[in-house]
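Me: I would like to go through this structure term by term and ask, for each label, what value stands behind it. Please set each value against its cut-off before you conclude.

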Amino acid sequence: MKLVTWNTQWCRGLDGVVSPRRIVDGARAMADFDVLCLQEIACGFDGMPGQPGDQPAELQALLPGFRLFFGAAVDEFDADGRPMRFGNLIATRLPVSRVQHHPLPWPADPSVSSMPRMCTVVTLASPELGSLRVMTTHLEYYSPSQRLAQARALRALHLEACEQAAAPPIDPREVSPFQAKAHTPQAILCGDFNMAASDPAYDEIVQAFVDPALPAGGTPARRLQDAWPLAHPERPHDATFRLFDRTYGPDPVACDFVFVSDSLAPRVRKVEVDLQTQASDHQPVMIELGD
(Lines give C-alpha, C1' and ligand atoms only; values in the text may rest on other atoms or scores of the structure.)
Protein backbone atom coordinates (compact mmCIF):
# COMPACT_ATOMS: atom_id res chain seq x y z
CA MET A 1 0.00 0.00 0.00
CA LYS A 2 1.33 3.42 -0.94
CA LEU A 3 0.36 6.69 0.74
CA VAL A 4 1.41 10.26 -0.01
CA THR A 5 0.94 13.09 2.50
CA TRP A 6 1.43 16.75 1.60
CA ASN A 7 0.74 20.16 3.09
CA THR A 8 -0.33 21.88 -0.10
CA GLN A 9 -0.51 25.54 1.05
CA TRP A 10 -4.00 25.54 -0.53
CA CYS A 11 -2.34 24.11 -3.68
CA ARG A 12 -0.30 27.28 -4.06
CA GLY A 13 3.21 26.89 -5.38
CA LEU A 14 6.17 29.09 -4.71
CA ASP A 15 5.43 30.78 -8.02
CA GLY A 16 2.14 32.03 -6.54
CA VAL A 17 0.01 29.88 -8.84
CA VAL A 18 -2.82 27.86 -7.25
CA SER A 19 -3.11 24.50 -9.02
CA PRO A 20 -4.76 21.38 -7.55
CA ARG A 21 -3.78 19.58 -10.76
CA ARG A 22 -0.10 20.25 -10.09
CA ILE A 23 -0.48 18.81 -6.59
CA VAL A 24 -2.12 15.63 -7.91
CA ASP A 25 0.48 15.29 -10.65
CA GLY A 26 3.29 15.79 -8.13
CA ALA A 27 1.89 13.14 -5.82
CA ARG A 28 1.48 10.72 -8.71
CA ALA A 29 5.08 11.32 -9.73
CA MET A 30 6.11 10.00 -6.31
CA ALA A 31 3.93 6.87 -6.40
CA ASP A 32 0.84 5.21 -7.80
CA PHE A 33 -0.76 5.99 -4.48
CA ASP A 34 -3.67 4.18 -2.88
CA VAL A 35 -4.21 6.97 -0.36
CA LEU A 36 -3.55 10.68 -0.68
CA CYS A 37 -3.60 12.86 2.45
CA LEU A 38 -3.60 16.61 1.90
CA GLN A 39 -3.46 19.44 4.41
CA GLU A 40 -4.43 23.09 3.87
CA ILE A 41 -7.25 22.48 1.41
CA ALA A 42 -9.52 25.50 0.93
CA CYS A 43 -13.03 26.21 -0.21
CA GLY A 44 -14.54 29.71 -0.38
CA PHE A 45 -11.61 31.75 0.92
CA ASP A 46 -11.54 33.97 -2.15
CA GLY A 47 -9.46 36.61 -0.41
CA MET A 48 -6.49 34.28 0.03
CA PRO A 49 -3.59 34.65 -2.41
CA GLY A 50 -4.43 32.91 -5.68
CA GLN A 51 -8.18 32.70 -4.91
CA PRO A 52 -8.27 28.94 -4.23
CA GLY A 53 -11.92 28.22 -5.12
CA ASP A 54 -13.68 24.93 -4.31
CA GLN A 55 -10.67 22.67 -3.99
CA PRO A 56 -12.43 19.52 -2.69
CA ALA A 57 -14.59 19.56 -5.83
CA GLU A 58 -11.60 20.22 -8.09
CA LEU A 59 -9.63 17.39 -6.50
CA GLN A 60 -12.55 14.99 -6.85
CA ALA A 61 -12.63 15.72 -10.60
CA LEU A 62 -8.88 15.08 -10.80
CA LEU A 63 -9.09 11.76 -8.95
CA PRO A 64 -11.59 9.50 -10.73
CA GLY A 65 -11.98 6.19 -8.96
CA PHE A 66 -11.15 7.74 -5.58
CA ARG A 67 -13.48 8.69 -2.75
CA LEU A 68 -12.66 11.99 -1.05
CA PHE A 69 -13.29 12.93 2.57
CA PHE A 70 -12.80 16.58 3.54
CA GLY A 71 -12.52 17.54 7.19
CA ALA A 72 -12.94 21.29 7.61
CA ALA A 73 -11.11 22.49 10.73
CA VAL A 74 -12.33 25.99 9.89
CA ASP A 75 -16.00 26.05 8.85
CA GLU A 76 -17.48 29.54 8.85
CA PHE A 77 -19.21 32.14 6.66
CA ASP A 78 -18.27 35.47 5.16
CA ALA A 79 -20.30 38.68 5.53
CA ASP A 80 -22.58 37.62 2.67
CA GLY A 81 -23.29 34.20 4.18
CA ARG A 82 -21.05 32.27 1.78
CA PRO A 83 -19.27 29.28 3.34
CA MET A 84 -15.52 29.34 3.94
CA ARG A 85 -13.87 26.02 4.78
CA PHE A 86 -10.26 25.07 5.37
CA GLY A 87 -8.81 21.76 6.51
CA ASN A 88 -7.58 18.30 5.59
CA LEU A 89 -8.57 15.83 2.91
CA ILE A 90 -8.13 12.09 2.47
CA ALA A 91 -8.61 10.48 -0.95
CA THR A 92 -8.50 6.72 -1.39
CA ARG A 93 -9.33 4.07 -3.95
CA LEU A 94 -9.51 1.37 -1.26
CA PRO A 95 -12.79 0.22 0.35
CA VAL A 96 -13.86 2.48 3.22
CA SER A 97 -15.96 1.43 6.23
CA ARG A 98 -15.88 4.50 8.50
CA VAL A 99 -15.12 8.21 8.41
CA GLN A 100 -14.55 10.36 11.49
CA HIS A 101 -13.67 14.03 11.90
CA HIS A 102 -12.19 14.89 15.29
CA PRO A 103 -11.76 18.55 16.33
CA LEU A 104 -8.50 18.88 18.25
CA PRO A 105 -8.03 20.94 21.42
CA TRP A 106 -7.72 24.69 20.97
CA PRO A 107 -6.83 26.04 24.42
CA ALA A 108 -6.64 29.79 24.77
CA ASP A 109 -3.31 31.41 23.95
CA PRO A 110 -3.75 35.17 23.49
CA SER A 111 -0.06 35.68 22.68
CA VAL A 112 -0.33 34.41 19.09
CA SER A 113 -2.64 34.01 16.12
CA SER A 114 -4.14 30.53 15.80
CA MET A 115 -7.00 28.62 14.23
CA PRO A 116 -8.97 25.42 14.91
CA ARG A 117 -7.32 22.12 14.03
CA MET A 118 -8.80 18.78 12.97
CA CYS A 119 -7.86 15.11 12.63
CA THR A 120 -9.71 13.26 9.87
CA VAL A 121 -9.79 9.46 10.19
CA VAL A 122 -10.76 7.03 7.45
CA THR A 123 -10.94 3.32 8.28
CA LEU A 124 -10.23 1.36 5.14
CA ALA A 125 -9.37 -2.15 3.99
CA SER A 126 -6.07 -2.86 2.31
CA PRO A 127 -5.59 -6.23 0.57
CA GLU A 128 -2.03 -6.38 1.93
CA LEU A 129 -2.49 -4.91 5.40
CA GLY A 130 -6.10 -5.60 6.34
CA SER A 131 -8.22 -3.05 8.18
CA LEU A 132 -6.43 0.12 9.24
CA ARG A 133 -7.12 3.70 10.20
CA VAL A 134 -5.57 6.49 8.15
CA MET A 135 -5.38 9.64 10.27
CA THR A 136 -4.28 12.97 8.83
CA THR A 137 -3.84 16.25 10.64
CA HIS A 138 -2.23 19.69 10.70
CA LEU A 139 -1.15 20.94 14.11
CA GLU A 140 -0.79 24.49 15.40
CA TYR A 141 2.24 26.42 14.18
CA TYR A 142 2.54 29.45 16.44
CA SER A 143 1.49 28.12 19.86
CA PRO A 144 3.60 25.37 21.47
CA SER A 145 1.00 24.87 24.22
CA GLN A 146 -1.81 24.34 21.70
CA ARG A 147 0.38 22.00 19.64
CA LEU A 148 1.23 19.90 22.70
CA ALA A 149 -2.46 19.63 23.65
CA GLN A 150 -3.25 18.53 20.11
CA ALA A 151 -0.49 15.91 20.11
CA ARG A 152 -1.86 14.49 23.36
CA ALA A 153 -5.31 14.32 21.80
CA LEU A 154 -3.97 12.41 18.79
CA ARG A 155 -2.33 9.88 21.06
CA ALA A 156 -5.58 9.56 23.03
CA LEU A 157 -7.56 8.96 19.83
CA HIS A 158 -5.23 6.13 18.90
CA LEU A 159 -5.38 4.60 22.37
CA GLU A 160 -9.18 4.75 22.39
CA ALA A 161 -9.31 3.00 19.01
CA CYS A 162 -6.97 0.28 20.27
CA GLU A 163 -9.15 -0.24 23.33
CA GLN A 164 -12.29 -0.46 21.17
CA ALA A 165 -10.57 -3.07 18.98
CA ALA A 166 -9.57 -5.10 22.03
CA ALA A 167 -13.02 -4.85 23.67
CA PRO A 168 -15.63 -3.91 21.06
CA PRO A 169 -19.21 -2.99 22.00
CA ILE A 170 -21.94 -5.63 21.85
CA ASP A 171 -23.10 -6.12 18.27
CA PRO A 172 -26.90 -5.81 18.10
CA ARG A 173 -26.81 -7.52 14.66
CA GLU A 174 -29.14 -5.02 13.11
CA VAL A 175 -28.88 -2.27 10.54
CA SER A 176 -28.90 0.83 12.72
CA PRO A 177 -26.45 3.39 14.10
CA PHE A 178 -25.63 0.79 16.78
CA GLN A 179 -24.47 -1.77 14.23
CA ALA A 180 -20.94 -3.16 14.57
CA LYS A 181 -18.11 -0.83 13.60
CA ALA A 182 -14.74 -1.62 12.07
CA HIS A 183 -12.36 -1.31 15.03
CA THR A 184 -8.65 -1.84 14.40
CA PRO A 185 -5.44 -1.09 16.29
CA GLN A 186 -3.59 -0.64 12.99
CA ALA A 187 -3.06 3.00 12.12
CA ILE A 188 -1.10 5.46 10.02
CA LEU A 189 -0.95 9.00 11.38
CA CYS A 190 0.41 11.56 8.93
CA GLY A 191 0.40 15.24 8.17
CA ASP A 192 2.08 18.52 8.95
CA PHE A 193 2.84 18.55 12.66
CA ASN A 194 4.55 21.96 12.65
CA MET A 195 7.30 20.67 14.92
CA ALA A 196 10.76 19.20 14.72
CA ALA A 197 11.53 15.76 16.12
CA SER A 198 13.05 17.56 19.12
CA ASP A 199 9.70 19.15 20.06
CA PRO A 200 7.91 17.89 23.22
CA ALA A 201 4.79 17.29 21.09
CA TYR A 202 6.73 14.77 19.00
CA ASP A 203 7.72 12.88 22.17
CA GLU A 204 4.07 12.89 23.23
CA ILE A 205 3.00 11.14 20.03
CA VAL A 206 5.65 8.41 20.09
CA GLN A 207 5.49 7.78 23.84
CA ALA A 208 4.65 4.16 24.66
CA PHE A 209 1.27 3.45 26.19
CA VAL A 210 1.20 2.07 29.72
CA ASP A 211 -0.69 -1.21 29.63
CA PRO A 212 -1.52 -2.55 33.11
CA ALA A 213 -2.20 -6.00 31.62
CA LEU A 214 1.46 -6.40 30.71
CA PRO A 215 3.95 -7.82 33.23
CA ALA A 216 6.63 -5.50 34.53
CA GLY A 217 9.18 -4.94 31.83
CA GLY A 218 6.81 -6.10 29.11
CA THR A 219 6.85 -4.45 25.71
CA PRO A 220 3.88 -2.17 25.03
CA ALA A 221 2.20 -3.04 21.74
CA ARG A 222 0.27 0.16 21.15
CA ARG A 223 2.78 2.80 20.21
CA LEU A 224 2.92 5.09 17.23
CA GLN A 225 6.37 4.92 15.67
CA ASP A 226 7.97 7.43 13.32
CA ALA A 227 8.29 5.58 10.01
CA TRP A 228 11.34 7.53 8.81
CA PRO A 229 13.95 5.91 11.11
CA LEU A 230 12.38 2.50 10.37
CA ALA A 231 13.25 3.01 6.70
CA HIS A 232 16.40 5.10 7.22
CA PRO A 233 18.05 4.13 10.50
CA GLU A 234 21.34 5.53 9.28
CA ARG A 235 20.35 9.16 8.69
CA PRO A 236 18.18 11.99 10.03
CA HIS A 237 14.88 13.04 8.47
CA ASP A 238 14.96 14.77 5.13
CA ALA A 239 13.70 18.33 5.48
CA THR A 240 10.10 18.95 4.40
CA PHE A 241 9.74 22.69 5.04
CA ARG A 242 11.76 25.84 4.28
CA LEU A 243 13.87 24.20 1.59
CA PHE A 244 13.20 26.97 -0.93
CA ASP A 245 11.14 29.59 0.94
CA ARG A 246 12.61 30.99 4.16
CA THR A 247 9.62 33.16 5.06
CA TYR A 248 9.06 31.24 8.31
CA GLY A 249 12.67 30.70 9.33
CA PRO A 250 16.28 30.51 8.18
CA ASP A 251 16.86 26.75 8.10
CA PRO A 252 15.14 23.76 6.49
CA VAL A 253 13.35 21.49 8.95
CA ALA A 254 11.46 18.19 8.94
CA CYS A 255 7.95 18.74 10.28
CA ASP A 256 5.83 16.51 8.01
CA PHE A 257 5.83 13.00 9.45
CA VAL A 258 4.28 9.58 9.01
CA PHE A 259 3.75 7.55 12.18
CA VAL A 260 2.69 3.89 12.12
CA SER A 261 1.29 1.59 14.79
CA ASP A 262 3.47 -1.22 16.10
CA SER A 263 1.96 -3.95 13.93
CA LEU A 264 2.70 -1.92 10.79
CA ALA A 265 6.28 -1.01 11.74
CA PRO A 266 7.83 -4.24 10.33
CA ARG A 267 5.92 -3.67 7.10
CA VAL A 268 7.42 -0.27 6.28
CA ARG A 269 9.25 -0.76 2.99
CA LYS A 270 10.05 2.76 1.89
CA VAL A 271 9.72 6.38 3.05
CA GLU A 272 10.74 9.15 0.67
CA VAL A 273 10.57 12.94 0.47
CA ASP A 274 10.39 14.80 -2.84
CA LEU A 275 13.16 17.33 -2.37
CA GLN A 276 12.69 19.04 -5.75
CA THR A 277 9.06 20.11 -6.11
CA GLN A 278 8.05 23.71 -5.46
CA ALA A 279 4.31 23.14 -5.95
CA SER A 280 3.85 24.06 -2.26
CA ASP A 281 5.98 25.50 0.51
CA HIS A 282 6.18 21.96 1.94
CA GLN A 283 7.63 18.80 0.41
CA PRO A 284 5.45 15.68 0.03
CA VAL A 285 6.24 12.44 1.85
CA MET A 286 5.55 8.95 0.48
CA ILE A 287 5.36 5.73 2.48
CA GLU A 288 5.09 2.21 1.09
CA LEU A 289 4.02 -0.73 3.27
CA GLY A 290 3.80 -4.38 2.33
CA ASP A 291 4.46 -7.99 3.25
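The turns below take up the overall fold, the cores, the aromatic pairs and the salt bridges.

Me: What kind of model is this, and how many helices and strands are in the chain?

Reply: This is a predicted model, and the chain holds five helices and 12 strands.

Me: Why can the radius of gyration of the chain be said to agree with that of a compact globule?

Reply: For 291 residues, a compact globule would be expected to have a radius of gyration near 19 Å, and because the chain has 19 Å, the value agrees. The C-alpha trace spans about 55 × 50 × 45 Å along its principal axes, and 52% of the 291 residues count as buried. Among contacts with a separation of 6 or more, 67% are between residues 24 or more positions apart. The chain exposes about 13,100 Å², of which carbon and sulfur atoms supply 54%.

Me: Which residues touch the most other members of the largest nonpolar core, and which elements each supply at least two of its residues?

Reply: The largest nonpolar core has 31 residues, of which Leu-36, Leu-38, Leu-63 and Leu-89 touch the most other members. At least two residues of this core come from each of strand S1 (2-7), H1, S2, H2, strand S3 (67-77) and S4. Leaving aside residues up to four places away in sequence, Leu-36 touches Val-4, Ala-27, Leu-63, Leu-89, Ile-90 and Ala-91. A second, separate core has 26 residues, including Leu-3, Leu-94, Val-268 and Val-273.

Me: What makes Phe-45 and Phe-86 an aromatic pair, and why is the pair called edge-to-face?

Reply: A search of the whole structure finds 10 aromatic pairs. In the pair formed by Phe-45 and Phe-86, the centres are 6.3 Å apart and the planes make an angle of 75°. Ring centres must lie within 6.5 Å to pair, and planes over 60 degrees apart count as edge-to-face, so 6.3 Å and 75° satisfy both conditions. The pair links distant parts of the chain, with Phe-45 in the loop between strand S2 (35-43) and helix H2 (55-62), and Phe-86 in strand S4 (residues 83-92), 41 residues apart.

Me: How do you know whether Phe-45 and Phe-86 are buried or exposed?

Reply: The cut-off for buried is under 20% relative accessible area. Phe-45 has 15% relative accessibility and therefore counts as buried, and Phe-86, with a relative accessible area of 8%, is buried as well.

Me: Which label fits the pair of Tyr-141 and Tyr-142, and why?

Reply: The pair of Tyr-141 and Tyr-142 is edge-to-face, with 4.9 Å centre to centre and 90° between the planes; because 4.9 Å is within 6.5 Å and 90° is over 60, both conditions are met. Tyr-141, at 26% relative accessibility, counts as partly exposed, and so does Tyr-142 at 46%, because this class lies between 20% and 50%. Ring pairs join Tyr-141, Tyr-142, Phe-241 and Tyr-248 into a cluster.

Me: Why is the contact between Arg-93 and Asp-32 called a salt bridge, and what does the pair tie together?

Reply: The closest N and O atoms of Arg-93 and Asp-32 are 3.2 Å apart, and because the rule asks for such atoms within 4 Å, the pair qualifies. Arg-93 lies in the loop between S4 and strand S5 (96-103), and Asp-32 in the loop between helix H1 (20-30) and S2, so parts 61 residues apart in sequence are tied together. Arg-93 is partly exposed at 36%, whereas Asp-32, at 53%, is exposed, because exposed means over 50%. Salt bridges link Asp-32, Asp-34 and Arg-93 in a network.

Me: How do you know that Glu-288 and Lys-270 form a salt bridge?

Reply: The count by this rule comes to 16 salt bridges. For Glu-288 and Lys-270, the closest N and O atoms are 3.9 Å apart, which is within 4 Å, so the pair is a salt bridge. Glu-288 is in strand S12 (residues 285-289) and Lys-270 in strand S11 (residues 268-273), 18 residues apart. Glu-288 is partly exposed, with a relative accessible area of 22%, and Lys-270 counts as partly exposed at 34%.

Conventions
Residues numbered from 1 in each chain as written. Predicted model: local features only at pLDDT ≥ 70, side-chain atom pairs only at ≥ 80, totals over all residues. Heavy atoms only, no water. Phe/Tyr/Trp six-rings, centres within 6.5 Å; stacked < 30°, edge-to-face > 60°. Helix = DSSP H or I, 4+ residues; strand = E, 2+ residues; numbered from the N terminus. Buried < 20%, exposed > 50% of the residue type's maximum accessible area, 1.4 Å probe, protein only. Salt bridge = Lys/Arg side-chain N within 4 Å of Asp/Glu carboxyl O. Rg over C-alpha atoms; globule rule 2.2 N^0.38 Å. Contact = heavy atoms within 4.5 Å. Areas by Shrake-Rupley, 256 points an atom, 1.4 Å probe, with all protein chains shown as cover. Core = buried A, V, L, I, M, F, W, Y, C linked by side-chain atoms within 4.5 Å.
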